[in-house]
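Biologist: I am new to this structure and would like a close look at a single part of it, with the surroundings that help to place it. Please begin wherever you like, and explain each term when it first comes up.

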Amino acid sequence: MQRLARNGGTAELLRWLSGRADGWAGIAGSDGTVLSASGTVAPDVPQPPDVPRLVADGVRALAERGALAYSHDTGAHTALLFPLYADDRGAAPLLAVVTPRPVAAGLATLLADVLMPLSLCWETEAVERKRRRVDLAESRGREAVLHLLMTGQLSIARQVAGALRPRLPDPVRVCVVECPGGSRDEVARVCAEADGGRSWIVRCPVYARHLILVMPAEEAPEGTATDEAVAALVDHCVVGVSEQVPLADTATGYRQAFHALAVAREHPARHVRFGLTPEPALVVGRAGRQWAEDLLTPLLTHVPRRAQDPGSQELAATAASWLAFSSHATGHLKVHRNTLAARLKLIGELLGLDLHRLADRSALDLALRIRATPAPVCTPAPGEPARTAAPAHVNGAAHDLDEVLRRPAVQEWAARQLAPMGGPAAPAAEETLRAWLGCEGRLGPTAAELGISVPGARKRLTRLETVLQRSLLRPPSARYDLWLALRAQDVKP
């Protein structure tokens, strides 16, 4: 019994006990509900009445009589019940055994002996279950705060985070840690110790092996940087870190960290910091903000016909999540895939976009990022005064995407995105990139377009990830930025 208690706990003790009783053994709650059970009545013995009902009747009889044990004969079987431990409130669980008659010699003594290890195992496991529920509740709370940050709802995120520790820092660096299989909880502990408890650590709801750290932008007073420390302490752990960003731009920081993670997988040190700036939303100017406003107005002013239908804010959050995570958005948003598909259909109809086309998805992604960027930080055009809003009367048709992409600041941004592909291999790299984007980011058609195998196309794109220092094959992908950069190159004045 002691060995089984140490190695298998309640389940193994009940399995062993049902074998010794040649019948059924289980634990029932004070209301008669069977909480855990093992074994069946031997097939060569006439079957008893429904075992759960028999146990429930015994529990009620025990409570009514105020007895310390209960025995009930039902034809060919005997039901035996013993409280696991004393409880003045009568709420203690009970050990229940159904065994063929006559009861084997010494079985009652055996049941009395097993009560102590069984009760210790049950209480220990109950404490562990409560701890897991608390951990799950805290994890869900942290995940909710991260979701609010990713959708730009900073004030609500601060309110929800007020009851948890540590406080949300500002400005921040976002860190994505890819953990070895099954070790995410242990890596989270290592991250907390390496960072001195300064970071906001969240288990990624989309990728089961990822941890997301929202870290203070300034380095710890002493010691190695957190990303380097975690990569050094955990074998096969890969870390990507963003640039310093305001807390309100956590979504931008996450994208940067994810791109750095794609590069870190091929880096000997297994940690890389993102180094490409700025974001396209920062260089579009006032014309770009007006274009984004014109494009998104039907979505942002949408009023649902029914109270249970998603409103404009929920639809905008759905679009942003889907653009970032593709089909994984169901895990991020906690919705069914049919619900996601219905929302995307409505979004496409409201905006007049075909969301199956990469061009339309790239435009929507840019518009949402512009909307999430504070207006004062956008770069004005030369000689153009910085303003937080467009003029009241602007012809929306004049502010199409190509016009925005022709701005000098956007052209400079596009050149920086494509600059790593320079050199002797530039034509082949650009051919691969254009083929992949032209095929809507699908590997099979890309391979056919290039006249190579699918594994060959994947290898080319993996090499491009290292060259561009951006994630291409896994969302959040740089495909939207790269499509915009190539389009800007094509419409260059």
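Modeller: H236 is exposed, with a relative accessible area of 66%, where buried means under 20% relative accessible area, exposed over 50% and partly exposed in between, using a 1.4 Å probe and protein chains only. This is a predicted model, in which local features need pLDDT of at least 70 and side-chain atom pairs count only at pLDDT 80 or more, while totals for chains, interfaces and linings use all residues. Residues are numbered from 1 along each chain as its sequence is written, and side-chain values use heavy atoms, with hydrogens and water left out.

H236 sits in the loop between α7 (226-233) and β9 (238-241); helices (H or I, at least four residues) and strands (E, at least two) are DSSP runs, numbered from the N terminus. Although H236 is not a glycine, its phi is positive, at about 65°. Most residues other than glycine have a negative phi, and most peptide bonds are trans. D22, also not a glycine, has a positive phi of about 55°; D22 is found in the loop between α2 (9-21) and β1 (24-28) and counts as partly exposed at 44% relative accessibility. As for the peptide bonds, a cis bond with omega of about -5° joins R101 and P102, and P102 lies in the loop between β5 (94-100) and α4.

That loop leads to the part I would like to look at closely, helix α4. The chain around it has 19 helices and ten strands, and 49% of its 493 residues count as buried.

Which residues of helix α4 (residues 107-150) pair up four residues apart, about one turn of the helix? They are R132 and E128, which form a salt bridge whose closest N and O atoms are 3.2 Å apart; a salt bridge is a side-chain nitrogen of Lys or Arg within 4 Å of a carboxyl oxygen of Asp or Glu. R132 counts as exposed because its relative accessibility is 54%, whereas E128, at 29%, counts as partly exposed. The pair belongs to a network of salt bridges that links E128, R131, R132 and D135, and the whole structure holds 26 salt bridges.

Another salt bridge reaches out of the helix: the side chains of K334 and E143 meet with N and O 2.3 Å apart. K334 lies in the loop between α11 (329-333) and α12 (337-351) and E143 in helix α4, so this pair ties together parts that are 191 residues apart in sequence. E143 counts as buried at 11% relative accessibility, while K334, at 48%, counts as partly exposed.

Helix α4 also holds S139, a residue that counts as buried at 12% relative accessibility. S139 and R203 are separated by 64 residues in sequence, but their C-alpha atoms are 7.1 Å apart in space.

S139 and R203 come up again in the second largest pocket, which holds about 590 Å³ of space. Of the 25 residues that line this second largest pocket, the closest to its centre are D135, S139, D185, A188 and R203. On a 1 Å grid over the protein atoms alone, a cavity is a set of points where a 1.4 Å probe fits but cannot get out, and a pocket is an open set with protein on both sides within 12 Å along at least five of seven lines; lining residues have an atom within 4 Å of a point. Grid points are joined across faces, edges and corners, and a volume is the space filled by probe spheres set on the points.

Helix α4 supplies the largest share of the lining of the second largest pocket, ten residues, and α4, α6 (184-195) and β7 (200-203) each give at least two. By class, this lining has eight nonpolar, three polar and 14 charged residues, where Ala, Val, Leu, Ile, Met, Phe, Trp, Tyr, Cys and Pro count as nonpolar, Asp, Glu, Lys and Arg as charged, and the others, Gly among them, as polar.

The largest pocket has a volume of about 850 Å³. Its lining is made of 43 residues, and M150, A251, R255, R369 and A372 are the closest to its centre. Helix α4 is among the elements that each supply at least two residues of the lining of the largest pocket, though the largest share there, eight residues, comes from α10.
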